[in-house]
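Dear colleague,

Please find the structure below, with its sequence. My notes on what was found follow directly after it.

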Amino acid sequence: MSLSRKRKKQLRRLQKDATQLWESQQVLVGHAADVAREASHQLGNLGREQVLPVVQDTYHRRVAPVVDRGVRIGKHVVDDKVVPIVGGVVGSALTAWDVANAKRLGVKAPSPRGNVLVKQKKSRGIGSIIAIVLGVAAAAGVLYAAWQTLRADDELWVADDPLSAPDA
């Protein structure tokens, strides 16, 4: 396709104008980057000199005392409430364990009133049968819940590919 001289001249002028515009935009963008960099430095200085001291002062006056009081209360609750209760429960469980072992072996069991000779039972009592049934039921419930959670159900899975917009 051949162009007339007039069109070629206009195209060269247009290309020259576009090149000049591009160069001036590059200079402008460079200047804007310099301004943004300096603004960033000034913002950092302002944060260090003005904002940080106010935030630290507010933290030390308002937040730190509340956190310290919460830690003290938590430590008090754990040391004075939870540890004695857990210790009592563990002690009772160990005493019951010792008594059960003594019953099983037919030896003297330690008790608060002194050592007592415990007779050995030959058969299981109703309490142990109920405990076994409840244990089996609890295990079955846990297994059923795990099976329900881990089974492959196609309706529960989310598609990997994103949905596309419907065609209008």
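A search of the whole structure, which is a predicted model, finds two salt bridges. In one of them, the side chains of Arg37 and Asp34 meet at 2.9 Å, N to O. Arg37 and Asp34 are three residues apart in helix α1, and therefore about one helical turn separates them. With a relative accessibility of 47%, Arg37 counts as partly exposed. Asp34 is partly exposed as well, its relative accessible area being 42%.

A salt bridge also joins the side chains of Arg61 and Asp57, with an N to O distance of 3.0 Å. Both of these residues belong to helix α1, where they stand four residues apart, about one turn of the helix. Asp57 has a relative accessibility of 38%; because partly exposed covers values from 20% up to 50%, Asp57 falls in that class.

Helix α1 spans residues 5-105, and two surface patches deserve your attention here. Lys8, Lys9, Arg12 and Arg13 gather on the surface in a patch of positive charge. Of these, Arg13 lies in helix α1 and is partly exposed, with 46% relative accessible area.

The other patch is nonpolar and covers about 630 Å² of the surface. Its members are Ile73, Val77, Val78, Val82, Val83, Val86, Val90 and Leu94. Val86 is placed in helix α1. How far is Val86 exposed? Its relative accessibility is 45%, so Val86 counts as partly exposed.

Turning to aromatic side chains, the count comes to one aromatic pair. The rings of Tyr144 and Trp147 have centres 5.9 Å apart and planes at 40°, so this pair is tilted. The reasoning rests on the angle: planes under 30 degrees apart would count as stacked and those over 60 as edge-to-face, with the rest counted as tilted. Tyr144 and Trp147 sit three residues apart in helix α2, which comprises residues 126-150, and are therefore separated by about one helical turn.

As for the overall arrangement, the protein has two helices and two strands. Along the sequence these elements follow the pattern α-β-β-α.

Finally, some totals for the protein. Of its 168 residues, 3% count as buried, where buried stands for a relative accessible area under 20%. The protein exposes about 15,600 Å². Carbon and sulfur atoms supply 64% of that area.

To recapitulate the contacts by helix, the salt bridge of Arg61 and Asp57 lies within helix α1, as does the pairing of Arg37 with Asp34, whereas Tyr144 and Trp147 are found in helix α2.

With kind regards

Note on methods:
Residues are numbered from 1 along each chain as its sequence is written. This is a predicted model: local features need pLDDT of at least 70, side-chain atom pairs count only at pLDDT 80 or more; totals for chains, interfaces and linings use all residues. Side-chain values use heavy atoms; hydrogens and water are left out. Patches are made of residues with over 30% relative accessible area and no salt bridge: like charges are joined within 9 Å, nonpolar side chains (Val, Leu, Ile, Met, Phe, Trp, Tyr) within 5 Å. Accessible areas come from the Shrake-Rupley method with a 1.4 Å probe; for residues, only the protein chains shown count as cover. A salt bridge is a side-chain nitrogen of Lys or Arg within 4 Å of a carboxyl oxygen of Asp or Glu. Buried means under 20% relative accessible area, exposed over 50%, partly exposed in between (1.4 Å probe, protein chains only). Rings of Phe, Tyr and Trp (its six-membered ring) pair if their centres lie within 6.5 Å; planes under 30 degrees apart count as stacked, over 60 as edge-to-face and the rest as tilted. Lys and Arg count as positive and Asp and Glu as negative; His and the chain ends are not counted. The place of a charge is taken as NZ of Lys, CZ of Arg, CG of Asp or CD of Glu.
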